[in-house]
Amino acid sequence: MKKLLIAILFPILLSAQGDLKEKKTNWLTDYKTAVKKAEKEDKNILVFFTGSDWCPPCIALKKDFFETPSFDEYSKEYVLLYVDIPRNRDLLSANQLAQNKELASKYNKRGSVPMLKVINEKGKELGALSGYSMNGETQYHAKFLDRYQN
């Protein structure tokens, strides 16, 4: 009887545990879609320039800041645009890579990663923050986002 009870309860416990996992923040990857959404919602656009497969500070910033509950609150205040320039070209379509390079040439001329840019719905740059020291201290990033909330 105990084995039957465990067999019945085990899947229920596993599914309940899955509900405790954080939801993933949805980043847009299309600039035009981000602009339309920003216009509709009257929000600024947070652009995250990254090298997802080769940049250790980018990977650490994503884990230490963007994948936290505190960032979930910031994500409600911005339209999020993810601009990746990976070394492994198979990670993106040719069209996506071309768009990302075009955005980088406009908003990230030096090619700094990680780079956060806040732009308005008209594409005007409002602010920028570059780098991450990978020490878990993300207060500079939080203060940066505090500055440009609508």
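**Exercise 1. Find out how many aromatic pairs there are, and take one apart.**

Step 1: there are twelve aromatic pairs, counting rings of Phe, Tyr and Trp (its six-membered ring) whose centres lie within 6.5 Å, with planes under 30 degrees apart called stacked, over 60 edge-to-face and the rest tilted. A word on the model: it is predicted, so local features need pLDDT of at least 70 and side-chain atom pairs count only at pLDDT 80 or more, while totals for chains, interfaces and linings use all residues. Residues are numbered from 1 along each chain as its sequence is written, and side-chain values use heavy atoms, with hydrogens and water left out.

Step 2: take Trp27 and Phe66, an edge-to-face pair with 5.1 Å from centre to centre and 85° between the planes.

Step 3: place the two rings. Trp27 sits in the loop between α1 (2-19) and α2 (31-41) and Phe66 in helix α3 (residues 56-66), so this pair ties together parts 39 residues apart in sequence. Helices here are DSSP runs of H or I with at least four residues, strands are runs of E with at least two, and both are numbered from the N terminus.

Step 4: check the cover. Phe66 is buried, at a relative accessible area of 3%; buried means under 20%, exposed over 50%, and partly exposed in between (1.4 Å probe, protein chains only).

**Exercise 2. Work out how Phe65 is packed, starting from its pair with Tyr74.**

Step 1: the rings of Phe65 and Tyr74 are tilted, at 6.3 Å centre to centre and 45° between the planes.

Step 2: Phe65 is buried, with 1% relative accessible area, and Tyr74 also counts as buried, at 13%.

Step 3: list the contacts (heavy atoms within 4.5 Å). Leaving out residues up to four places away in sequence, Phe65 touches Phe71, Tyr74, Thr138, His141, Ala142 and Leu145.

Step 4: zoom out to the rings. Phe65 and Tyr74 belong to one aromatic cluster along with Trp27, Phe48, Phe66, Phe71 and Tyr82.

**Exercise 3. Identify the residues that touch the most other members of the largest nonpolar core, and the elements that build it.**

Step 1: a nonpolar core is a set of buried Ala, Val, Leu, Ile, Met, Phe, Trp, Tyr and Cys residues joined through side-chain atoms within 4.5 Å. The largest one has 18 residues, and the members touching the most others are Leu46, Phe65, Phe66, Phe71, Tyr78, Phe144 and Leu145.

Step 2: two or more residues each come from β1, α3, α4 (69-75), β2 (78-84), β3 and α6 (139-147). Helix α3 gives the most, with four.

Step 3: don't miss the second, separate core of 15 residues, whose members include Val47, Leu103, Ala104 and Ile119.

**Exercise 4. Describe how strand β3 (residues 115-119) is covered and what it pairs with.**

Step 1: five of the five residues in β3 are buried. Met115, Lys117 and Ile119 point one way, while Leu116 and Val118 point the other way.

Step 2: β3 runs antiparallel to strand β1 (residues 44-50), joined by five bridges; strands pair if DSSP finds at least two bridges between them. Strand β4 (residues 125-130) is also antiparallel to β3, again with five bridges.

Step 3: follow Val118. Leu46 stands opposite Val118, and in β4 the bridge partner of Val118 is Gly127.

Step 4: look at the turn. β3 and β4 make a hairpin with five residues between them, where Gly123 has a positive phi of about 90°.

**Exercise 5. Sort the buried and exposed residues of α6 by side.**

Step 1: the buried residues of α6 are His141, Ala142, Phe144 and Leu145.

Step 2: look down the axis. These buried residues of α6 fall within an arc of 160°, so they line one face of the helix; the arc is that of the directions from the helix axis to the C-beta atoms. An α-helix has 3.6 residues a turn, so residues three or four places apart point the same way.

Step 3: on the other side of α6, Tyr140, Lys143 and Arg147 are exposed.

Step 4: the cover over the buried residues of α6 includes β1, α3, α4, β2, β3 and β4.

**Exercise 6. Place Asn100 and list its contacts.**

Step 1: Asn100 is in helix α5 (residues 94-107).

Step 2: Asn100 is buried, with a relative accessible area of 1%.

Step 3: setting aside neighbours within four places in sequence, Asn100 is in contact with Thr29, Val83, Asp84, Ile85 and Leu92.
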